[in-house]
Amino acid sequence: MDRTDALSRLQASGQFALELEAVSKHFGALVALADINLAVRAGERRAVLGSNGAGKTTLFNAISGDFPTTTGRVQFFGEDITDMPAQQRIRRGLRRTYQISQLFGQLSVRDNVFLACRGVTSGRFSLRRPKPSDPRLLQAETLLDAVHLTDLANTPVAELSHGQQRQLEIAMALAGAPRFILLDEPAAGLSPTERTELIEILDALPKHMGFIIIEHDMDVALRVAESVTMMQNGRVFAEGTPREIESDPNVQELYLGNGR
């Protein structure tokens, strides 16, 4: 069965890629997340929007395992991962990017992606040089093409523009054929041209690969997402399609403003 057929069956069965049930996160007296309920279908592309301090990145940290939850449950394709370390979540096909780049600046673009591919395989601790036929090198080339960086494969990462580094982070998140990706503000600091290229890259991802995108750029978020969750003060206060969210008067008053 190919992945398209597998995705169709998952969607038909109603299985969710990601489910959060009453998830909360407290930092002492500070309630960063409060009773979050969220369900994202297999292959779905969801935007999570909200002002600074709404709890969006804390939500990602709870999903990815970077922070333990205070209460509630997180399930990934039907498996309870609430108490699972981040590395085990990665091996089950969950990936994420971060607001602050986590790249090896002195290595080439190709080497960064190769190391990401190697890091999710059983031979990740090997010190041997890869052979030209190494499948992880071949996968790295495929990923570079997917994010439009093939021409920069031999360039040291430190010489890339900010936008190119964000593209590279997406390539690294795609290593090992993930089932679901968390994208934390991938358009932050990008020029209009780079935002357009980012939209093209995200739209071209395999249809079986769902994602959640946190983004302040509404034009990017609403163009790549089929559903939207709005957050405020650590809580979900609205959900719907991009059109429903844009036309919701409460959302307009709280977040979109009169300029849209």
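1. Ala204 lies in the loop that links α7 (192-203) to β8 (210-214). With a relative accessible area of 60%, Ala204 is exposed, because exposure is assigned over 50%. Its C-alpha atom is separated by 9.4 Å from that of Val147, although the two residues are 57 apart along the chain. This position, like every other described in this note, belongs to a predicted model.

2. As to overall composition, the protein contains 10 helices and 10 strands. Its 260 residues include 48% that count as buried. When contacts between residues at least 6 apart in sequence are considered, 68% of them join residues at least 24 apart. The exposed area of the protein is about 12800 Å², and carbon and sulfur atoms supply 50% of that area.

3. One sheet deserves a description of its own. It is open, has 4 strands in the order β2-β1-β4-β5, and its pairing is antiparallel. Strands β2 and β5 are at the edges; each has a single partner strand, so one side of each has no neighbour in the sheet.

4. The pairing of β1 with β2 comes next. Strand β1 is joined to β2 (residues 30-41) by 8 bridges, and the two run antiparallel. Within this pair, His26 is opposite Val31 of β2, and Lys25 is opposite Leu33 of β2. The hairpin formed by β1 and β2 has 2 residues between the strands, and Gly28 adopts a positive phi near 65° there.

5. On the β4 side, 5 bridges connect β1 (residues 16-27) with β4 in an antiparallel arrangement. Leu20 has Val74 of β4 as its bridge partner. Strand β4 is in turn joined to β5 (residues 79-80) by 2 bridges, also antiparallel, and Gln75 is partnered by Asp80 in β5. The hairpin of β4 and β5 has 2 residues between its strands, with Phe77 at a positive phi near 50°.

6. Which residues make the nonpolar surface patch of about 270 Å²? They are Phe27, Leu30 and Phe67. Of these residues, Phe67 is placed in the loop between α2 (56-64) and β4 (71-76). At 30% relative accessibility, Phe67 counts as partly exposed, because that class covers the range between the buried limit of 20% and the exposed limit of 50%.

7. The largest nonpolar core comprises 47 residues, of which Leu49, Val113, Leu168, Ile170, Leu202, Phe211 and Ile213 touch the most other members. For Val113, the contacts beyond its neighbours within four places in sequence are with Ala140, Leu143, Leu144, Leu168, Ala171 and Met172. There is also a second, separate core of 26 residues, including Leu20, Val23, Ala42 and Ala62.

8. Helix α4 (residues 109-119) adds context for Val113. Its buried residues are Val109, Asn112, Val113, Phe114, Ala116, Cys117 and Arg118. What do the buried residues of α4 pack against? The partners are α5 (135-146) and α6 (162-173).

Conventions: Residues are numbered from 1 along each chain as its sequence is written. This is a predicted model: local features need pLDDT of at least 70, side-chain atom pairs count only at pLDDT 80 or more; totals for chains, interfaces and linings use all residues. Side-chain values use heavy atoms; hydrogens and water are left out. Buried means under 20% relative accessible area, exposed over 50%, partly exposed in between (1.4 Å probe, protein chains only). Contact means heavy atoms within 4.5 Å. Accessible areas come from the Shrake-Rupley method with a 1.4 Å probe; for residues, only the protein chains shown count as cover. Patches are made of residues with over 30% relative accessible area and no salt bridge: like charges are joined within 9 Å, nonpolar side chains (Val, Leu, Ile, Met, Phe, Trp, Tyr) within 5 Å. A salt bridge is a side-chain nitrogen of Lys or Arg within 4 Å of a carboxyl oxygen of Asp or Glu. Two strands pair if DSSP finds at least two bridges between them. A nonpolar core is a set of buried Ala, Val, Leu, Ile, Met, Phe, Trp, Tyr and Cys residues joined through side-chain atoms within 4.5 Å.
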